[in-house]
Amino acid sequence: MKKNTTKQNSIDIINILKEKNQTISFAESCTGGRIASEFTAISGASAVLNGSCVTYSNEIKSKWLGVSEETLMEHGAVSKECVEEMLKGIAKLANADYTIAVSGIAGPTGGTDEKPVGTVYIGILNQTNIIIERHLFKGERESVQLQATDTAIALLKKNL
């Protein structure tokens, strides 16, 4: 996805949420704040963006977002289960109508046979449900992070 597409998607999301008088927040792990950065680069984002957490360690995922120790032990941080708890945790913490959560393995280290480098779970919590997708992105670390950011923002726009 091209950078200008992601910027336009972000602008569209901000405008739609302004019209609805609703808010958004993010819980990011492997994207390291890139989703929040895309939004805060746009004037007017403060009208809808409540806040964002970069929860890189399991301890912080648990302390800040309420991800259970059981989930982290049984499924790991890079899992559908963890992302679902991240979504609910950031929605509660920031009192947001919509949330995005991302957790994955950007590489070049950290991959396994079951979860190779490039495995990223992206979740959206909207007014009616939770959508979580598993992706396998190719490329170097920064490429994986950018693809995850672009995909997360596109997924939210599609599900507003």
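**Notebook: Ser-29, the pocket and the core**

I started at Ser-29: leaving aside neighbours within four places in sequence, I find it in contact (heavy atoms within 4.5 Å) with Thr-55, Tyr-56, Lys-61, Val-102 and Ser-103. Note to self: this is a predicted model, where local features need pLDDT of at least 70, side-chain atom pairs count only at pLDDT 80 or more, and totals for chains, interfaces and linings use all residues. Numbering runs from 1 along each chain as its sequence is written, and side-chain values use heavy atoms, with hydrogens and water left out.

Is Ser-29 buried or exposed? Ser-29 is buried, at a relative accessible area of 5%; buried means under 20% with a 1.4 Å probe, protein chains only.

Next I looked up its side chain. The Ser-29 side chain makes a polar contact with the side chain of Lys-61 at 3.0 Å (N or O atoms within 3.5 Å, one able to donate a hydrogen and the other to accept it; residues adjacent in sequence count only if both atoms are side-chain atoms). The Ser-29 side chain also reaches the backbone oxygen of Thr-55, at 3.4 Å.

Then I checked the core. The largest nonpolar core (buried Ala, Val, Leu, Ile, Met, Phe, Trp, Tyr and Cys joined through side-chain atoms within 4.5 Å) has 28 residues, and Val-102 is one of those with the most contacts inside it. Ile-24 is another on that list. Leaving aside neighbours within four places in sequence, Ile-24 is in contact with Leu-17, Val-48, Leu-49, Asn-50, Gly-51, Ala-96, Tyr-98 and Leu-156. I also noted a separate core of 18 residues, including Leu-72 and Leu-125.

How values were computed. Buried means under 20% relative accessible area, exposed over 50%, partly exposed in between (1.4 Å probe, protein chains only).
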